[in-house]
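Okay, everyone, thanks for coming. Let's pull the structure up on the screen and walk through some of its side chains.

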Amino acid sequence: PAKRARKAINCEPCRNSKLKCDRRVGPRPCSSCVLRGAGRPRSRRPPSLADLSPQGPPRPIDPAYQIAQIRQALALLESHVTATAAVLPSAVAVAAAPRPPPPAIDPILPPSPRPDDDAELLKTHPPGANGRSDPDGWYAGPTSAVIQLGTGPRDPDDQAPARPPQDPGPSYDQDQDLRNDLPHPSIVDGLVDYYFEYANWIYRHVNERAFVAAWQRYKSGASADRLVLATVCIIMAVALHYLPADHELRRALAPAGDPDSLGIRWYNLMRAALQRRQAECRTYTLELVELLLIRTHFLYLSKIDPEETWSVKGELVTIGTAMGLHRDPGERIALELAERRRWAWWHIILLERWVSFMHGRPITIATHHFDTRLPSHVDPALDPTGTLYDANLALFRLAHLLADIMNDAVALHAVPYDRIRAHDAAIQAWWDALPPQLAIDDRALAAQLSAPSTALRRAGVQSLVVRNAALHIRFTLHRPYASRQVAFSRERAILAADALIALVARARPELLFDSALAVPGHMNWAPTHVFSAAMFFVFALVDAPAAPNAHTLRASVLRAAHTLDRCVGMPATDKARRILHELRPLYSEEFLAADDRQRERWKRDVLPRVRALQFPYHDSPSVPLGSSPDAPARGDGASSRS
């Protein structure tokens with residue numbers, strides 16, 4: 001019988017070369033051929049049905065392979081021209097120059113730029129610099145798809161997309177129930193004037209010119225903006241904390257209730273107006289940002305709900321970045337508006353850094369994620385010297401330093417001690433650069449705090465507040481290392497904490513004995529500062545009761561306790577005094593003289609009781625938020641965008 005024809009099942013290159021084959025069917029080379037360099041490299045394209053068929057037609061052209069060849073040739077030509085043009089510009093020199101080896105080219109992906117080109121590009125074009133704001137003020141950053149349309153201003157000929165007609169907003173009469181709870185208009189205007197004259201020496205949250213104009217329109221009925229109503233309510237609540245006891249405005253408000261209850265009532269009015277505004281409008285505006293900022297001012301003063309302050313802080317960072325406040329406006333907008341945006345953003349940063357510091361939690365936005373400059377313009381008619389806002393700028397710069405300090409303080413990895421020294425040096429450099437009107441001695445400070453001149457009292461208060469904040473940050477920076485008996489940190493922490501207590505102790509008599517000139521509102525952080533320093537000294541004694549300076553540390557604790565006794569009536573003071581009272585056995589003379597066994601017994605007896613108490617600026621986990629009679633009822637939610 002005739003032999004059956006053998007069917008060729010090896011690949012064509014192997015059959016022609018009479019080599020072994022892994023029996024890949026079709027005209028394409030097998031894997032052995034590819035390893036030997038025979039035949040064309042296979043495309044990364046998935047095989048088709050024709051490729052898998054034993055009888056499939058041959059493909060004369062592989063497009064992917066041809067494209068890869070073209071790319072390789074272009075890359076080779078480009079590298080050759082670039083490497084030789086700068087050195088040998090003539091045609092003969094270019095032809096004679098040695099050619100670099102061709103780079104390895106992926107058959108699908110395009111070649112990458114050279115590393116030195118990347119470095120130059122990154123120096124002049126940081127990735128986060130690309131951003132744009134739409135006509136409604138929404139900011140889009142570099143990872144947004146819309147950024148591909150460009151980052152510059154819109155072409156005037158571009159047609160904006162059609163938008164549905166806007167809701168005309170509420171009528172003036174819809175909020176009559178809220179206005180009925182306000183005092184007489186003359187008292188409202190008096191509290192507003194008092195706020196802008198005496199209550200914004202440290203925090204300039206609300207732009208005076210813009211708000212006064214908006215308030216005049218609202219009073220006349222020309223506007224029904226609920227943000228204006230909410231802002232005037234919170235301004236009055238804040239101003240109450242700065243009124244001396246015998247001020248005529250306080251006497252006029254006496255029939256309506258005590259200052260604390262009135263402040264809570266107006267705070268809740270603000271919340272009600274804000275909630276109504278949220279239900280009807282989702283727009284982010286500078287007026288909304290300023291309202292939320294001054295809301296945190298009231299929460300600072302009252303200390304009623306620190307966790308609400310934390311929540312509002314996060315909301316402000318979210319709104320500020322959505323509005324593009326973290327990007328400096330430059331000269332694209334009017335100077336007054338640009339400065340207003342800068343003030344708003346840096347107050348957000350100051351709030352964000354300080355609240356994170358007080359809670360011991362990570363910061364929300366990194367320093368390298370914003371480039372907004374510090375405010376710089378001062379109206380010569382308001383301040384011919386140009387130094388009116390030096391204290392505000394000093395606090396902003398301190399907040400800038402605090403970011404790096406907090407990043408290391410809450411790090412979950414080991415931090416080199418050199419960084420702690422660097423942070424300390426940065427704080428010292430900041431301190432040395434303070435303007436002369438802030439770096440005053442103790443005698444000048446006491447004189448300014450009791451001076452009849454508002455300008456002098458303002459300078460004294462600013463000097464006290466700015467330096468207290470820096471001293472608190474400094475001893476807290478070194479506190480973990482001081483407890484481990486690191487000599488440098490222990491020395492710096494003790495000096496800073498002792499200076500803080502002494503600074504507040506010297507200021508308090510001038511604030512207590514002359515109510516007409518009192519500035520207790522500006523001292524609202526003093527009890528918290530003193531308590532934190534006292535706690536540091538107490539546990540420095542507990543950790544090293546036999547230290548040579550143990551009696552000096554005990555004297556500092558006693559001075560702090562005495563200072564807190566003179567701050568009675570200020571927020572958080574009662575909590576601080578109670579905790580120090582419970583800790584008294586641990587800083588007594590008997591504790592220092594006892595043996596280790598007796599000390600351990602006292603610690604086991606005292607510390608559990610102290611842990612069960614409420615701490616200043618911290619809510620007790622056993623007390624539901626809002627359950628205190630001092631706490632305002634929640635109701636507006638955590639976000640301004642529902």
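**A walk through the side chains**

Let me start with one histidine: leaving out residues up to four places away in sequence, His423 touches Asp404, Ile405, Asp408 and Leu477. You'll find His423 in helix α17. Is His423 buried or exposed? His423 is buried, with a relative accessible area of 8%. And before I go on, please keep in mind that this is a predicted model.

Right, charges next. Side chains of opposite charge can pair when their charged atoms come close. How many salt bridges does the structure hold? There are 26 salt bridges, and I'll pick out a few.

Stay on helix α17 for a second. Asp424 makes a salt bridge with Arg492, and the closest N and O atoms are 2.5 Å apart. This one links distant parts of the chain: Asp424 is in helix α17, residues 417-432, and Arg492 is in helix α20, residues 487-512, with their positions 68 residues apart in sequence. What about burial? Asp424 comes out at 3% relative accessibility, so we call it buried. Arg492 is at 26%, so that end of the pair is partly exposed.

Helix α20 shows up again in another pair. Arg559 forms a salt bridge with Asp498, with 2.9 Å between the closest N and O atoms. Arg559 lies in helix α22, residues 550-565, and Asp498 in helix α20, so this salt bridge ties together parts that are 61 residues apart in sequence. On accessibility, Arg559 is partly exposed because its value is 33%. Asp498 has 25%, so Asp498 counts as partly exposed too.

While we're on helix α20, look at Ser489, which is also found there. Ser489 has a relative accessible area of 0%, so it is buried. Leaving aside neighbours within four places in sequence, Ser489 is in contact with Tyr417, Ile420, His478, Tyr481 and Ala482. Tyr481 has something else going on: the charged end of Arg484 sits over the Tyr481 ring, 5.2 Å from its centre. There's another arrangement of that kind at Phe591, where the charged end of Arg599 sits over the ring, 5.9 Å from its centre.

One more salt bridge. Asp328 pairs with Arg373, and the closest N and O atoms are 3.0 Å apart. Where do these two sit? Asp328 is in the loop between α14 (306-322) and α15 (335-359), Arg373 is in the loop between α15 and α16 (390-409), and they are 45 residues apart. Asp328 counts as buried because its relative accessibility is 14%. For Arg373 the figure is 47%, so Arg373 is partly exposed.

Okay, aromatics. A pair of aromatic rings is described by the distance of the centres and the angle of the planes. A search of the whole structure turns up 20 aromatic pairs. Take Trp345 and Phe370: the ring centres are 5.6 Å apart and the planes are at 65°, so this pair is edge-to-face. Trp345 is in helix α15 and Phe370 is in the loop between α15 and α16, 25 residues apart, so to speak of distant parts of the chain being linked is fair here. Both of these residues, Trp345 and Phe370, are buried.Now compare Trp354 and Phe357, with ring centres 5.2 Å apart and planes at 35°, so that pair is tilted. Trp354 and Phe357 both lie in helix α15, three residues apart, about one turn of the helix. Trp354 and Phe357 are both buried. There's a cluster as well: ring pairs link Trp343, Trp345, Trp346, Phe370, Tyr389 and Phe396.

Last stop, the nonpolar core. In soluble globular proteins, nonpolar side chains tend to be buried together. In this model, the largest nonpolar core has 157 residues. Which of them touch the most other members? Those are Leu191, Tyr195, Phe211, Trp266, Val289 and Leu583. Helix α10, residues 226-240, gives the most to this core, with 13 residues. Take Leu583 from that list: not counting neighbours within four places in sequence, Leu583 is in contact with Met535, Val538, Val606, Leu607 and Val610.

That's my tour, and I'm happy to take questions.

Key. Residues are numbered from 1 along each chain as its sequence is written. This is a predicted model: local features need pLDDT of at least 70, side-chain atom pairs count only at pLDDT 80 or more; totals for chains, interfaces and linings use all residues. Side-chain values use heavy atoms; hydrogens and water are left out. A salt bridge is a side-chain nitrogen of Lys or Arg within 4 Å of a carboxyl oxygen of Asp or Glu. Helices (H or I, at least four residues) and strands (E, at least two) are DSSP runs, numbered from the N terminus. Buried means under 20% relative accessible area, exposed over 50%, partly exposed in between (1.4 Å probe, protein chains only). Contact means heavy atoms within 4.5 Å. Rings of Phe, Tyr and Trp (its six-membered ring) pair if their centres lie within 6.5 Å; planes under 30 degrees apart count as stacked, over 60 as edge-to-face and the rest as tilted. A charge sits over a ring if NZ of Lys or CZ of Arg is within 6 Å of the ring centre and within 35 degrees of the ring normal. A nonpolar core is a set of buried Ala, Val, Leu, Ile, Met, Phe, Trp, Tyr and Cys residues joined through side-chain atoms within 4.5 Å.
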